[in-house]
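Trainee: I have a model open and some labels I would like to test. Can we go through them one by one?

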Amino acid sequence: MRNQIMSEARKLLTTRSVWGLLAGTMVISGLAAWAIAANLDLTGTIGLAGLPGFQEMMALVPAFVLVLGIRSYTDEARHGSLVPTLLSTPVRRRVVGAKFAVVGLASIAFALAGAAMVVGVSSLVLSIDGAAVTLGSIGALAWLLAKVVGVCLLWSAIGLGVGMVVSHQVAAIVGSLVWLFALENLLDALAPSLARYLPGHAGMSALGVEAYGTLGPLSGAWVLAGWAAVCLALGAGRFRRRDIA
Amino acid sequence: MLTVNVTPESPPAESLASPAIAARGLTKRFGAVTAVDDLTFEVRPGRVTGFLGPNGAGKSTTMRMVLGLVHPTAGSATVLGLPYASLDRPASVVGAVLEVQSFHPLRTGRNHLRVLAAASGLPDTRVDEVLEIVDLVGAAGRKAGGYSLGMRQRLALAGALLGDPRVLVLDEPANGLDPQGIRWLREFLRWFAARGNAVLVSSHLLSEMDQMADEVVVIDRGRLVRQGAIADLTAGRSSLKVSSADHAGLGRALIAAGLEPHPEGGASYTVTGAPADLVGEIALKAGVALTELTPHETTLEDAFLELTDGAER
């Protein structure tokens, strides 16, 4: 398994689109932080964990991690490199395990990179406005980051599962983003009590975004974990049976 | 200049005792279409085995079933006695080239091979070795998407050789290679097989296969048509073209000698099963002057077209 993880890590690090996604994560997080922080009317000293709107600033990072997970499989299906991958590692569950481990680790890096941008940009904007941002409570900050990291980890698993089920890269990415940003909101308008159990809403609840937070962080995390488990299981099952013709 | 310079100092591998590849009743159906139908054959060590069939005969599907990429509807395939998925270190057993495009186009050739080497627990130094074998060192730092077709084939072959395998499975490996590259491939495969290793190679270049392979497996519509040495396949099929101004007299003389001349148009006959000197002697005794006596050696292509009814679907 160690060999497969090393191989997947090399794939990730030698693919330009991954670096593009990371750059996108940082840019979007920075812009969100700037937009939100610029509208805050704060003075005095503020601890990082108590930074208003931190969760909202991080709200778009899971979308990038979702795409990261999707492309982990669909890139290989699209370019034909799945054949040499399976010739090297014919036991398909090992391929799935290695991909999960590597996109999971990458999603943590994405989450921390996004958080760093949010902290940096919002601190800069608030300091210009006259507020002083300090580290504050380490424990509270760690809990905040743990929530972000955990949610991103689960979204990367959902992405990997969706990629293995759909296989077609464009269809998987466009379909997932349309679901996340359009269909879930439509369902929210039609049946809010049901919509809160959908992955996008559950993920926001887990992050602590108040507008979607009807489940609460812990329940939201459990529901999202359920979605991740279902997507991974369906994807792995489909991949195991698929003919690579 | 491509040369077969693959560690010539290394001793020949011990010949494999069991069949390198054994397919038993392999069958694959895609919905209502039966791509491969109860196919049984063996690939022996120390041989280059050509895998022939018209387009759509099921060659690629068969190779993919052997390599565990396609699940058989029925039957089984083994490599060195084991299903591919059960091989402990598959890269050291089988090297395969199934598609020319089997890499991320924005990854360099060297990085593509480093990805494969890592999956098999091989050191990066092995990557440099196989790049040298396929003469791709100079282009290894370039994005593989910019490679020519021939370079892509050589990159794929480098990937197949990474684990120093004992069996090679190659699907149309000569596609895109220039004459120099094809010659190199032929010499390389013969060298590889001479060390006791096994090669299963499909190609639609029958003249090339004639020079490259020791034996062939011929399939048509997913079913086995013939397996055997090329010499056995073409033996007994050679013919003579014989002509005379006295067409009728020549025909009578040949029939009287117990031969079966087939009129070929004009003043010619095709005669099979008789050497040229015998036909000449018959004509001489009958007082018939010959204007042509041309031997026609049956090629693998002739035999293939006969076995598959010239099918090209």
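Mentor: Start with helix 4 (residues 149-161) of chain B, which lies across strand 5 and strand 6 (167-171) of chain B. Helices (H or I, at least four residues) and strands (E, at least two) are DSSP runs, numbered from the N terminus. This is a predicted model: local features need pLDDT of at least 70, side-chain atom pairs count only at pLDDT 80 or more, and totals for chains, interfaces and linings use all residues. Residues are numbered from 1 along each chain as its sequence is written, while chains are lettered from A and ligands numbered from 1 in the order in which they are written.

Trainee: At what angle does helix 4 of chain B run to strand 5 of chain B?

Mentor: At about 165°. Axes are lines fitted to C-alpha atoms, for helices over the stretch in contact, and angles run from 0 to 180 degrees between N-to-C directions. Helix 5 (residues 179-194) of chain B also packs on the sheet, touching strand 3 (48-52), strand 6 and strand 7 (198-202) of chain B. Its direction makes about 150° with that of strand 7 of chain B.

Trainee: What makes strand 5 and strand 9 of chain B edge strands?

Mentor: Each pairs on one side only. Two strands pair if DSSP finds at least two bridges between them. The open sheet of chain B has six strands in the order 5-6-7-3-8-9, with mixed pairing. Neighbouring strands are turned by 15° against each other on average, direction ignored.

Trainee: How do you know that strand 8 and strand 9 of chain B pair?

Mentor: Six bridges join strand 8 (residues 215-220) to strand 9 of chain B, and the cut-off is at least two. These two strands run antiparallel. V216(B), for one, has G228(B) in strand 9 of chain B as its bridge partner.

Trainee: Why are helix 2 and helix 4 of chain B called roughly parallel?

Mentor: Two packed helices are described by the angle between their axes and the distance between the axes. Here the axes come within 10 Å and cross at roughly 25°. Angles under 35 degrees count as roughly parallel, over 145 as roughly antiparallel, 65 to 115 as roughly perpendicular and the rest as oblique. Helix 2 and helix 4 of chain B are therefore roughly parallel.

Trainee: Which residues meet there?

Mentor: G109(B), H112(B), L113(B) and L116(B) in helix 2 of chain B meet L155(B), A158(B) and G159(B) in helix 4 of chain B. Contact means that C-beta atoms, placed from the backbone, lie within 7 Å.

Trainee: Why does V115(B) count as buried or exposed?

Mentor: A residue is buried if 20 or more other C-beta atoms lie within 10 Å of its own, exposed if 12 or fewer, and partly exposed in between; C-beta atoms are placed from the backbone. V115(B) has 28 C-beta neighbours inside 10 Å, so V115(B) counts as buried. V115(B) sits in helix 2 of chain B. Not counting residues up to four places away in sequence, V115(B) touches S7(A), R10(A) and K11(A).

Trainee: And why does T125(B) count as buried or exposed?

Mentor: T125(B) has 8 C-beta neighbours inside 10 Å, so T125(B) counts as exposed. T125(B) is in helix 3 (residues 124-133) of chain B.

Trainee: What share of chain B is buried?

Mentor: Buried residues make up 42% of its 313 residues.

Trainee: How many residues does each chain bring to the contact between chains?

Mentor: Chain B gives 30 residues and chain A gives 25 residues. Helix 2 of chain B supplies the largest share of the chain B side, six residues.

Conventions. Two residues are in contact if their C-beta atoms, placed from the backbone, lie within 7 Å.
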